[in-house]
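Visitor: Could you pick one helix and walk me through it slowly? I'd like to see how it sits against whatever is around it.

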Amino acid sequence: MSRSTIEWTNATWNPVTGCTKTSPGCKHCYAERMAKRLQAMGQANYARGFQLTLQEHMLDIPLRWRKPRLVFVNSMSDLFHKDVPTPFIQRVFRTMEQAPQHTFQILTKRADRLREVAPQLPWPENVWMGVSVESADYLDRIDDLRTVPANVRFLSLEPLLGPLTEIDLTGIGWVIVGGESGPGARLIAPEWVRHLRDACAADGVPFFFKQWGGTNKKKTGRLLDGRVWDEMPSRETTRA
């Protein structure tokens with residue numbers, strides 16, 4: 001387990017590491033940069049750098065944690081990557097099912113694979129399932145997410161690369177918005193963020209603004225119209 005500096009979670013758990021790029025939001029992947037640093041530091045889980053790797057020895061780690069926490073699953077990969085076998089995904093879900101004291105947050109860009117595999121998985125109430133959407137070209141990922149019987153379905157609109165004026169929040173229980181950060185960061189427009197905030201308010205969906213981003217995200221901060229937006233779903237939220 002790693003304690004996380006990500007604003008919307010407490011910890012990360014990576015039973016899979018490494019990935020491949022699938023859409024424009026992956027261009028400046030933070031996980032790829034971090035994996036290369038960890039490889040250079042000799043961290044055993046990253047001996048293969050950012051090549052996709054199943055970390056079987058990590059599967060039971062959450063079962064050892066007694067204190068409840070929010071856990072971002074596979075912050076360094078994508079659980080629904082085509083090269084992650086379905087039986088391995090099932091083992092990850094069994095671990096989450098056996099650790100009801102925690103709330104697990106999963107994100108994927110491979111919403112088509114998620115939709116395909118979802119009927120073969122248990123969906124305990126402590127699993128929140130989300131998709132990443134960076135531009136209007138990928139709104140169909142939200143339609144795939146809506147088919148999944150997760151207790152909370154959520155969106156990570158980060159890095160937000162364009163306006164999402166036609167977004168449909170039906171069946172969505174949480175929205176995270178953020179700009180890209182790090183070297184080569186692409187800019188986010190304030191009107192894109194305000195539109196999403198207002199859409200969430202109209203539909204009663206918790207809205208979390210993570211950051212403006214840029215090459216120095218600490219300097220740009222996360223204030224929107226003079227306040228921090230850090231709304232989250234209740235852990236007792238029931239399926240919509």
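Guide: Sure, let's take helix α5, which covers residues 190–203, and keep in mind that this is a predicted model. Start with its length: α5 has 14 residues, and at 1.5 Å a residue these should span 20 Å. The C-alpha atoms at its two ends are 20 Å apart, so the expected span and the model agree.

Now look at which side chains are tucked away. Buried in α5 are Trp192, Val193, Leu196, Arg197, Ala199 and Cys200. Look down the helix axis and these buried residues fall within an arc of 160 degrees, so they line one face of α5. The spacing behind that is the usual helix arithmetic: with 3.6 residues a turn, residues three or four places apart point the same way.

What does the buried set of α5 pack against? Its partners are four strands: β8 (152–157), β9 (174–178), β10 (207–211) and β11 (223–224). Flip to the other side of α5 and you'll find Glu191, Ala201 and Ala202 exposed.

One of the buried residues deserves a second glance if you care about thiols. Cysteine 200 has a relative accessibility of 1%, and because buried means under 20%, it counts as buried. As for disulfides, a search of the whole structure turns up 0. Cysteine 19, for example, is in none, and the nearest cysteine sulfur, on cysteine 26, is 6.5 Å away.

Finally, follow the chain off the end of α5: next comes glycine 204, with a positive phi near 70 degrees.

Conventions
Residues are numbered from 1 along each chain as its sequence is written. This is a predicted model: local features need pLDDT of at least 70, side-chain atom pairs count only at pLDDT 80 or more; totals for chains, interfaces and linings use all residues. Side-chain values use heavy atoms; hydrogens and water are left out. A disulfide is a pair of cysteine sulfur atoms within 2.5 Å. Buried means under 20% relative accessible area, exposed over 50%, partly exposed in between (1.4 Å probe, protein chains only). The expected span of a helix is 1.5 Å times one less than its number of residues. The arc is that of the directions from the helix axis to the C-beta atoms. Contact means heavy atoms within 4.5 Å.
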